[in-house]
Structure formats: C-alpha cells, structure tokens
Amino acid sequence: MRRKDREVTALADQLSILQDCKVCRVAMQDTSGLYIVPLNFGYSYEKDCLTLYFHSALSGRKISAIEENGAVAFEMDCRHRLIEAENACGYGYAFGSIIGNGTASIIGEMEEKQKALALLMKHQTGKDFVFDSQAAKAVTIFKIVVSSFSVKQYL
C-alpha cells in the first residue's frame, strides 16, 4: 500500500469498516474477458479467515466465470463524505475501503447455503433470518475465501 498513513491494521477497526460496507464489487475473468459486478454480501471472520458470501441467480455470466476460474479480486467502500476547502486543490473525499483477492466457489451443501443466506441478511439488515431448503434451492450461493486484503481509510 502506497499511502501507509491511511492503512488500517487493527483487526477491530478493519472489521468495523467491513461492517459498514454493504456492497462488494467482485472482479473475475472468463473467456469473454474481465467482468466486475456489484453485489450485496454477508461475511464471517473465523480463525483468522475472512469469507464473503453472495447470492445470485441460478445461472449467468458470473456463475459461469466462477466455475471456469475461481480467482477473483474484490473492492468495497463506505463512510463517504466530501471534505471541503477554500480552493479546488484542497478538496478531498473521506472513505473507508477494503480491497483483496481470494478464491470463489459455488456452495452446494444445503446447510452451508442456508447459513450463508442468514449471514448475508444479518449483514444487510441487522436482523436474524432462518432459511428453509426451498428458499436456498431457489438461488446460487457462492463464497470467496479471502487470501489477502488491505483496509484503508481517510478521515
């Protein structure tokens, strides 16, 4: 990271920014080229491992790309605020952001799909939901097991 003064290294602060982000942009590659898509997500952080969870239609370019090549990059940002100044060059923009890489895979096991949907809804709404197998069968669930990430903020 070039701007070390903006790097967030404390895990509690990193997770706070993660909690505030509600949309994750996932970049992948398929035979047609590069592809990036914004998605709502849920997550778990267990045993020093960050896993991001997403839901999708049962088929489409994103699902095909993940099945072809699970290597992905992602970005999310939040805490946006314009920083005003007297002159144009003094303006800035406050933010918190997370970028990283990982491996995406489709979740096939029903119990894990239901858990992923519950985590996604908890992150997006703050509420607890329980999903039956019929609801979980109606969507594709995929996860990204994060191999590396960095967190940055500018206040």
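## Buried helix faces and exposed sites

Tyr 93 is partly exposed, with a relative accessible area of 44%; here buried means under 20% relative accessible area, exposed over 50% and partly exposed in between, with a 1.4 Å probe and protein chains only. This is a predicted model, in which local features need pLDDT of at least 70 and side-chain atom pairs count only at pLDDT 80 or more, while totals for chains, interfaces and linings use all residues. Residues are numbered from 1 along each chain as its sequence is written, and side-chain values use heavy atoms, with hydrogens and water left out.

Tyr 93 belongs to strand 6 (residues 92-107). Helices (H or I, at least four residues) and strands (E, at least two) are DSSP runs, numbered from the N terminus. Together with Leu 82 and Tyr 91, Tyr 93 forms a nonpolar patch on the surface, and the accessible area of the three is about 310 Å². Such areas come from the Shrake-Rupley method with a 1.4 Å probe, and for residues only the protein chains shown count as cover. Patches are made of residues with over 30% relative accessible area and no salt bridge; like charges are joined within 9 Å, and nonpolar side chains (Val, Leu, Ile, Met, Phe, Trp, Tyr) within 5 Å. A salt bridge is a side-chain nitrogen of Lys or Arg within 4 Å of a carboxyl oxygen of Asp or Glu.

In helix 1 (residues 11-20), the buried residues are Gln 14, Ile 17 and Leu 18. They lie on the same side of helix 1, because they cover an arc of only 105 degrees around the axis; the arc is that of the directions from the helix axis to the C-beta atoms. Their cover includes strand 3 (42-46), strand 4 (49-56) and helix 3 (110-125).

Helix 2 (residues 61-68) has Lys 62, Ile 63, Ala 65 and Ile 66 buried. Their arc around the axis is only 160 degrees, so they share the same side of helix 2. These buried residues pack against strand 1 (23-30), strand 2 (33-40), strand 4, strand 6 and strand 7, where contact means heavy atoms within 4.5 Å.

Two residues other than glycine have a positive phi, as tabulated below.

| Residue | Phi | Location | Relative accessible area |
|---|---|---|---|
| Lys 47 | near 50 degrees | loop between strand 3 and strand 4 | 83%, exposed |
| Arg 79 | about 60 degrees | strand 5 | 33%, partly exposed |

Val 130 is found in the loop between helix 3 and helix 4 (133-137). Val 130 is exposed, at 83% relative accessible area. Its C-alpha atom is separated by 18 Å from that of Gly 108, 22 residues apart along the chain.
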